Amino acid sequence: MSTTCVRCSRLVEAPAESVLCAACRGRLRRLLSPRASLLRARVPRPRIWPVPIALAGALVLIGGLLRQFNGPTPEAFPAPQGHWQILNGPQFISPVGMAADRLGNLYVVDAASYHVDKLAPDGTFMATLGTRGTGPGQFERPSAIALDGIGNLYVADAANGRVEKLSSTGVPLGTWGAPGSAPGQLDGPRGVAVDREGNVYVADTGNDRVQKLSPLGKLMASWGRPGQGPGEFREPYGVSVDGDGAIYVADHWNNRIQKLSPTGAPVAQWGTYGFDRGQFNNPRTVVVDIHGDVYVSDSFNHRIQELSSTGVPLAEWGTRGGDPGQFRRPEGLIVDDTGGMVVVDADNDRLQRYVPAGVQ
């Protein structure tokens, strides 16, 4: 049976007992290699106290590596007042993306089951949409989902290199994109969002760009290229659009959130790699609430972070674990008008709901 990498969710093909894919195993080997430690320990001449400096560099490297795979011990915010509850949903294999309709029903993408589960607001199972395959209404490693204003579903079908449009009952309505790197083509899309006009934004992950499609699937714009500068990406995952049309991107391997104007111009970027407040370790999902605050699934720090509209850290929830309010690789995220949340707790194979204090 195939499994998914605990770090990046790619398919693990061999060795069968590994919890990391080939790319992440290679990165781990490079980080632990003696040459890598020596390179990271270099200091300008003249050298002063060379042994302690080299030792300190090695300790920083090893500490960062352990945190990256085991979770952070960040300086904590004051604990937000509220409580977490685990929803009694169906049995998931690899839940990732999630969206909600106007009635509060939840649509959860289960990547390894190749379908979308529709649930009532309390997590009660309602329906399964989709099967495995390449035809209309079928999926290969679906990764994200969004809804438009009338309840149609848009699913980022990663391994098929496309976005599928379905009705709220799962009837296929359209298929946009094909595997590739040309305009309008997609390489492993991991994020999708819909604005008020019905335009669709796709995190074209493998092509390091974001593409904008019309409500009929016509390519309107494409932004980004590989890199670390403003407006550049390294495997963008989540994408979101606020009420003014500004675009927010979870820039996965750059460990930051980028904000773009409605025309795709870089506006701001927040975060660096790390474990403290306002830092990220492979952010997967970004959501903007009605007040303009930004919520991020900080996946390999095993927490949710809230930022202001200007990127100031406001709050965080979660540590690594299996209790209510703890996570193992949070991914999909929705935020309601009260500040309540539902989180896809991916490696715990469950959903959790956060209810702020004073909210029934």
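## Strands and sheets in a predicted model

Val 194 stands opposite Val 200 in strand 15. That pair is a handy place to begin a walk through this structure, which is a predicted model.

Strand 14 and strand 15, the latter covering residues 200-204, pair in the antiparallel sense, with four bridges between them. Both belong to an open sheet of four strands, ordered 14-15-16-17 and paired antiparallel. At the edges of this sheet you will find strand 14 (191-194) and strand 17 (219-223), each pairing on one side only. From one strand to the next, the twist averages 20°.

As background, strands of a sheet pair through backbone hydrogen bonds, either parallel or antiparallel.

Now let us turn to another sheet. It is open, has four strands in the order 3-28-27-26, and pairs them antiparallel. Which strands stand at its edges? They are strand 3 (82-86) and strand 26 (330-335); each has a single partner strand, so one side of each is left without a neighbour in the sheet. Here the twist averages 20° from one strand to the next. Strand 26 runs antiparallel to strand 27 (residues 341-345), and four bridges join the two. Within this pairing, Pro 330 stands opposite Asp 345 in strand 27.

A hairpin comes next. Strand 24 (residues 303-307) pairs with strand 25 (residues 313-317) in the antiparallel sense over four bridges. Across from Glu 306 you will see Ala 315, in strand 25. Five residues lie between the strands of this hairpin, where Gly 311 takes a positive phi near 90°.

The table gathers the three strand pairs described so far.

| Strand pair | Sense | Bridges | Residues standing opposite |
|---|---|---|---|
| Strand 14 and strand 15 | antiparallel | four | Val 194 and Val 200 |
| Strand 24 and strand 25 | antiparallel | four | Glu 306 and Ala 315 |
| Strand 26 and strand 27 | antiparallel | four | Pro 330 and Asp 345 |

Finally, look at Ser 297, which lies in strand 23 (residues 294-298). Is Ser 297 buried or exposed? Its relative accessibility is 0%, and buried means under 20%, so Ser 297 counts as buried. What is Ser 297 in contact with, leaving aside its neighbours within four places in sequence? The contacts include Asn 282, Pro 283, Arg 284 and Thr 285, along with Arg 303 and Ile 304. Pro 330, Glu 331, Gly 332 and Leu 333 are also among them. Pro 330 is a residue you have already met, standing opposite Asp 345.

Terms used
Residues are numbered from 1 along each chain as its sequence is written. This is a predicted model: local features need pLDDT of at least 70, side-chain atom pairs count only at pLDDT 80 or more; totals for chains, interfaces and linings use all residues. Side-chain values use heavy atoms; hydrogens and water are left out. Two strands pair if DSSP finds at least two bridges between them. Axes are lines fitted to C-alpha atoms, for helices over the stretch in contact, and angles run from 0 to 180 degrees between N-to-C directions. Buried means under 20% relative accessible area, exposed over 50%, partly exposed in between (1.4 Å probe, protein chains only). Contact means heavy atoms within 4.5 Å.
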